[in-house]
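Student: I would like to work through this model residue by residue, with reasons given wherever they are available. Shall we begin?

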Amino acid sequence: MASTVVTDQVTLTVNGQSVTVPKGTLILDAAKKIGIDIPIFCSHPKMAPVAVCRMCLVEVEKMPKLQPACAVYVADGMVVRTTTEQVQKYQKGVLEFLLINHPLDCPICDKGGECPLQDQTYQYGPGASRFDFEKAHFDKAVPLSDKIVLDRERCILCWRCTRFSEEISGERELALIQRGVHTIIGTFNDEPAQSNYQGNWTEICPVGALTSREYRFISRPWDLDRTASICPGCSMGCNIQVDARHNRIGRFQSRENLAVDDGWLCDFGRYSFPTFQRQGFEAPRVRQDGKLVEVSFEEAIAAAADGLAQARGAVAGWASPAATNEELFLFQRLFRQRLQSPHIDHRAFRPTWPDPDPDDMTLPIADLERCDYVVVLGGQEVIDAAPVLHLRLFKSERRGVKVLKIDAEQGARAREWVPADAQAVGILATVSHKKEATDLQAALGKKVKGSVRRLLVVRGPNGRGANDLGILPNFRPGYEGLNGQSGKGRAEWGKGGIGAAYIFEASPLHAFEATEDERRWLSGLKTLVMHRFRASPLDDLAHVIIPGRAFTEKAGTVTNMEGRVQRIGRAIDADAVPDDWMVLQAIARKLGAPWDYHESSDITADLLDLIPQYAAVDRGERVLWSERT
Amino acid sequence: MGLKPVLTKDFGTEGLRQLDAYERTGGYAGYKKALSEIKPDDLVELVKKSGLRGRGGAGFPTGNKWSFLPKGMYPRYLVCNADESEPGCFKDRYLIEESPHQVLEGILIAAFAIGCNTAFIYIRGEYLPQYEALESAIEEATAAGYIGKNVLKSGFDVDVILHRGAGAYICGEETALLTSLEGYRGEPRLKPPFPAVKGLYGKPTVVNNVETVANLPHIVVNGADWFASMGTPTGKGTRVWCMSGHVNRPGNYELENGTPIRELIMEHGGGVWKNRRLKAFQPGGASMMVLLPEHLDVGLDFDAIQKAGSLAGAGAMVVMDETTCMVDAARRYVKFFHHESCGKCTPCREGTFWMSNLFDRFEFGEARPGDVDLLLDMGYNIDGRSFCPLGDASTWFPRSVIKYFRDEFEQHIAEKGCPFRKETEAAVAVA
Amino acid sequence: MPLRPDTVAKIQDYARRYPSAQSAILPALWAVQYEQGYVTDEALAEVATHLKLPPSLIEATSSFYSMFLTRPEGRHEVMICVNAPCMLRGADAIVAYAEQRLGIRDGQTTSDGAITLRSTIECLGACGGAPMMQVDHRFEENLTPDRINAIFDHLRTAPAFHEQPPAEKKPARRTPTVSGEITRSGPSGARARTRKASK
C-alpha cells in the first residue's frame, strides 16, 4: 500500500509540471498534488489499488501501453501525460464501454447530481453512444438488507464495496458473483446483509447501484442543505454531515476525520437520523389536578423553577450524555449554584460506578494503529458500544498490530498474551469494565518494557464531556473533588431524601431508561420535570414536560471518548421550541441567576474560562489533562 | 529442420503411461542425474545456457524466469500450468496423455532447481482423463520414491499437488492461475509484483508450461549444447505444433524450431483437404493474428512469426481453406473471448460483449455500413487498455481479418448475410 | 440435502492438503458435484462451514467457473465444441444432427432425463479430432452420425456419472467405435442461433 514509510523523494513531471513526492506515491496522487485531476472509479485512497475500471489510464513516457495512474508508482524522471489525444480518445472509449450496460436512468436515480459516473461522462465522455443493441439486464431494486437497495444494472463493477467488505470491515459479506458481463455483486444466496457498516457502501459507490433505503427518492443532492456535525450514535464522535431538505433530515453522511472515524460511519449511527426527525409541534404540559394540560413554554418553565426550588436542595438532576457541553455547563451551574444541590448525574443505573479520570483516555483512537498489541477487554461488547472502532482495529490488524478480543473477566489471559518486549500496548474497554481495564493496565505496566495505555468507551456522544464538566455527584468540572461535599449519585436517589427531579433527556438514543425501582421512586416525587426531545416513558409520571430540541436542531460542542472536543451544527430550524440551553437559563433566571447568554457560543466562551483545556476545540485536538503514558 | 521428435520420441511405446515402461525408455534418468550430480544453481545455469524459452505463449527464457526468485526467500512454489485452453491448442493434453511421467519428471527437476518443496499442477477441469493420468503417475512416482521426503537420499523433499480447474480460460494467465489455485475467482492480478517475487500465497513462485517442463529431462540428460544445437538462434529446440482445421492430417507434430510453416501444413498435415486452396492460417491459437499463403515460408519460430505480423503463442496452427468465412471464424473467437472474459476490467468485459453483438449482426445479415470501422475503433479502445492479455488478444484476430479480408465484411453488409453460408448450405443439401 | 460423510471427509482432507484451506474450495466443489450431480446453495453453505470460510466466498468462486452445475440436469452431459477450429470441420452440422437425433435444442435435456445437450464456445482441447464432443468429460473425436448414434444409444441406458460406483469411473468408458467419414448431414440452415450474445 501507498503508506509505507519512505524517505526518498522522487521528481517527475505531469503534463510538463514538475512535482516532487515521496517514493511509493501513485501517479494519481502525485498529479493531484499539483492540481491535476485524473478521473477514477475503482481507485479509493483507503484500499489497495486494483486498476479494474481502467478510467485512469495515462501516458507514461517509455512505456508502450497506457498505464493506470491509480496503480503505478512514481519513479524519478518519469514523464506523465494525462491530456494527450490518445488519452482523451481512450477516456471517451472507456466511458462508452461503461455506459453500454448502464441503464442511464439518472432522472430517477438518487445518485444523480453527485454521481462520479455522471460527472465524468460530462467531463470526459462521448456525447453519444454508438451501442445500439439490447443492454444486458439485471435485477433492479434488490433489497440487499433492510438498509440498502441494490440496482444491479447501474453497477459498474468497480469492486469498491466488495473490497470494503474484505479490506475495511473484514466481514467478507459482499462478493462478486458470476463472471464476465454477467458479474454481479451480492451476499451469499442473496441473504440479507448483516454488516453494521453498509451505509459506507452507498458512499463509496461511484454510481447509484447501492443506495440507502431511508434516502430513496428523498432529495436531489443540489437541494440539500449541508451542516457539519457529529454523529449522535455513541461516544466515538464520528464526524458527519447532516443533509437536510425542506428542514427535514435526509441523511447523515460521513465527513472524514482521519483521527476519529477514518471516513466511515456505522449503520447504527448513520441510520439513527429518523429518531431525530421532528414530528410536528408539541406543546409543553403541566400537571394540574392530576392531569397534564398544555401551557406556554414560559408557564412550563416557571412551573419547573417553582417545583424544583421548593425541594430546597433535595433535588436530583440527570442530564443525558448526549447533551452539549454548553448545556451541561449550565446544568451543573443551575444545580450547584441555584438549586444548592450536588445531586447530579448523567450515568445509567448501576449500584456503583468507578470514578472517571483523565487517564481513561490516554490512548487516542488513531494510536490504536501505532500499538503493537491491543487488548479489547470485553470483545464484542466494546465494538457494540462504538462500532466504528472495529474498522480501526481491523485496519490496525492488517498493518500488523496484534489484537486480542476477550471477555472482560479474562484479563489473566491478556497478561499472558502480551509479551514483555511489547513497545506500545493499548487496552480498550467499556466504562463498565474500568476496574478490569485498570487492573490489566497495572499488571502489564509491570510486565512490559513499553507504554501501556487505555481508552474507555463511555456512553453517549458527550459522555466524556459530562465527566469533564462534572455531571457527577462527586466531581466539579475538571475532575476536581468536592472535599466531602459530595452529593448523591443516581443509585442513591431512590434511597430517600430527594423530593424533586429534573430529567434532561436530550436524546432518545441516550435516555434515562428508568429501572422498575426508579419508576416507583419517581412516581412518589412532588415534582418531576421532564425536559426531552421525544415522548418519554416517564412522561406519565411528570409534573412538567418541556419539549426540547433534537441533536440536529442545536449548536454546541461535544467531547468524544478520547477527549476530542468537536462542534455540532444546527441543521434543522426549530424556532418554535426554545433551545435546550435557553430553557436551562430561563429556569436559572427565575431562581435569580443573572445569566444573559444570547448564543450557545457565548456559553462556550465562559466554559473555556473555567476549563482552559477545552480551548482544544478550536484546534480540532484532544483535551489534554495531565496526560501520563 | 523438419520433424524432430524429442518430447514425442517414445510416444506410442506400449504402456508408456506406466512408470516401468517410461523408465525403460530412459525416464527419470534426468531427474536422478540432477539430484546426484548437479547443484540446483548449476541446473538453473544449464537451462539458461540451453536457451529454452517458455512454451506457454509468451516465450520468456525459462532459466531467467527461475533466476528472478529472490535469494533466501522460502517457501517458494512451482506451478505447472496445464490449463491449456487456447482454442487451437491441444499439445499439453497430448503430452500428458501419452507420457504423464515425462511431464512429472520435468516438474520434479524444475522444483529441485529452484528449491521448491511443494509443486502444483493446475490442470483445466475439462481434462479429466489427463487429470487421472497425472494422478496415477504421481501415485507411481511417490511409491517409487521420486516424490516424498529425502528423494533418493539426496536430501531433497518434494510434494506434488494436482489441482483441477473448473472451466475458466482466464486461469491460463499465470496470475489468474495463482489466484484460482488460492481458491478465489480466477481473476488476474496486478503486476508488479511479479509471481517470482510474490506469487502463490504471497511467496516466490515460478509458473511453467507443460511443454516447457517436459523439455527439462532431455536437457539434463543430453546437455545444454545438444539442446541449443536445435532450432534457430533465438528459438532453440523443438515445439509441438497443434494443427487443426482444413488439413488432411490434423494432429500434433513436433518440429525443430525454424521449420517452414509450408512444411508443417503441406507435408506433415498432408496439405489442404479436399484439394482446396489455402486461404489463411493462424499460428498461436485463437488470440493470434491471421497470416496468408504468402507467409508460408516463414519459419516456425517466435521471432520469425512475430516479424510476419502474428505470434507463435502456444503453438497452434489453424488452417483455413478457400470456403472459410473469415467473418464467422472471427465471430467464433470473439464469442469465445466474450464467454471467457473474467469481467474484472471494463474494456474486456464490455468490449467483448459489444464486439460479440456486432459480429452476430454480420452473421445474421443486419450489419450496416460503418460497422467495420466501429469494430476497429473498439479494438483501439480494448487493445493495450485491458487489465490482462485476454482483452487485448480478443481484438487481434478480428482486426487482422479486417486488415486482410475487409471485403468479406463489406460483402456481409451488402448481401445482408453470410455469402459463404449459402455455399455451405448447398453443400449440405447435396450431401 | 446434507453432504454424505465420505464427501465431508474428503473436503476436510483437501483442506489439510493445501498450504491454505481456501485452496480446497475447487476440489471441495468437485466432490459435491460428484456426489450430488450439481451444486446447491445449501451445499455451498456446508462447504463454507467445513472450510471455515465465509459462504459468500464459496459462492463467488463457484459461480466464476463454468463447469459447476447449479441445477439438476440430464444424467449425461454432452458438450459439442463450436469454436473456430471445430467450426471449420463441421461442428455446426454435428450440433444440428445431435439436436435432431435427440429431439431437443441446444441447452435442453431429453424427456427421459438421459442427456443434456450443450454446444460450447469454450474450446475443449481436441481441435485435431474435430468435430468433437465431451461426454461426461470424456473425449469423443472425429464424430460422424453413426458414431453419435452409438454414443447416444449407450447413454440412454448408462447410469449417471455421479451415481456410478467409484471403481467404474476410472477406466475411460469408450463407446464402440463406428468407422465412417465425417459427413455434413443434418437439416439445412442449422447454424445455431441460440448462441447469441448472452443477456
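Student: Is C:His137 buried or exposed?
Tutor: Three classes are used, namely buried (under 20% relative accessible area), exposed (over 50%) and partly exposed in between, with a 1.4 Å probe and protein chains only. Because C:His137 has a relative accessible area of 9%, the class that applies is buried.

Student: Which pLDDT do local features need in this predicted model?
Tutor: Residues are numbered from 1 along each chain as its sequence is written, chains are lettered from A and ligands numbered from 1 in the order in which they are written, and side-chain values use heavy atoms, with hydrogens and water left out. The model is predicted, totals for chains, interfaces and linings use all residues, side-chain atom pairs count only at pLDDT 80 or more, and local features need pLDDT of at least 70.

Student: What is the phi of C:His137, given that it is not a glycine?
Tutor: C:His137 is found in the loop between β3 (133–135) and β4 (138–140) of chain C, where helices (H or I, at least four residues) and strands (E, at least two) are DSSP runs numbered from the N terminus. Although C:His137 is no glycine, its phi is positive, at about 70 degrees.

Student: How many helices and strands are there in chain C?
Tutor: Starting at the N terminus, the elements of chain C follow the order α-α-α-α-β-α-α-β-β-β-α-α. Of its 199 residues, 60% are buried. The count for chain C is eight helices and four strands.

Student: What is the relative accessible area of B:Tyr28?
Tutor: B:Tyr28 sits in the loop between α1 (19–24) and α2 (29–37) of chain B, and its phi is positive, near 65 degrees, in a residue other than glycine. B:Tyr28 is classed as buried because its relative accessible area is 0%.

Student: What is the omega of the peptide bond that joins B:Pro192 and B:Pro193?
Tutor: A cis peptide bond joins B:Tyr74 and B:Pro75, with omega about -5 degrees, and B:Pro75 is in the loop between α4 (62–67) and β1 (77–82) of chain B. B:Pro193 belongs to the loop between α8 (174–181) and β4 (205–209) of chain B. The bond joining B:Pro192 and B:Pro193 is likewise cis, its omega being about 0 degrees.

Student: Which parts of chain B does the pair of B:Lys191 and B:Glu173 tie together?
Tutor: The side chains of B:Lys191 and B:Glu173 form a salt bridge at 3.8 Å, N to O, the term meaning a side-chain nitrogen of Lys or Arg within 4 Å of a carboxyl oxygen of Asp or Glu. The pair ties together parts 18 residues apart in sequence, because B:Glu173 lies in the loop between β3 (159–164) and α8 and B:Lys191 in the loop between α8 and β4.

Student: Which element holds both B:Glu45 and B:Lys48?
Tutor: A salt bridge is formed by the side chains of B:Glu45 and B:Lys48, at 3.6 Å from N to O. B:Glu45 is partly exposed at 44% relative accessibility, and B:Lys48 is partly exposed at 32%. The two are three residues apart, about one turn of the helix, and both lie in chain B in helix α3 (residues 40–50).

Student: Why does the pair of B:Arg332 and C:Asp92 join two chains?
Tutor: The closest N and O atoms of the salt bridge between B:Arg332 and C:Asp92 are 2.5 Å apart. The pair joins two chains because B:Arg332 lies in helix α13 (residues 326–340) of chain B, whereas C:Asp92 lies in helix α6 (residues 91–102) of chain C.

Student: Which residues are linked with B:Arg332 and C:Asp92 in a network of salt bridges?
Tutor: B:Arg332 is buried at 4% relative accessibility, and C:Asp92 is buried with a relative accessible area of 15%. Over all chains, a search of the whole structure finds 92 salt bridges. Linked with B:Arg332 and C:Asp92 in the network are B:Asp328, B:Arg331, B:Lys335, B:Asp360 and B:Glu363.

Student: Which backbone oxygen does the side chain of A:Gln332 reach?
Tutor: A:Gln332 is part of helix α8 (residues 325–338) of chain A, and its relative accessibility of 4% is why it counts as buried. At 3.2 Å, the side chain of A:Gln332 reaches the backbone oxygen of A:Phe329.

Student: How far apart in space are A:Met55 and A:Val94?
Tutor: A:Met55 is in the loop between α1 and β3 (57–60) of chain A, and with a relative accessible area of 0% it is buried. A:Met55 and A:Val94 are separated by 39 residues in sequence, and their C-alpha to C-alpha distance is 6.5 Å.

Terms used:
Polar contact = N/O pair within 3.5 Å; in protein donor to acceptor, adjacent residues only side chain to side chain.
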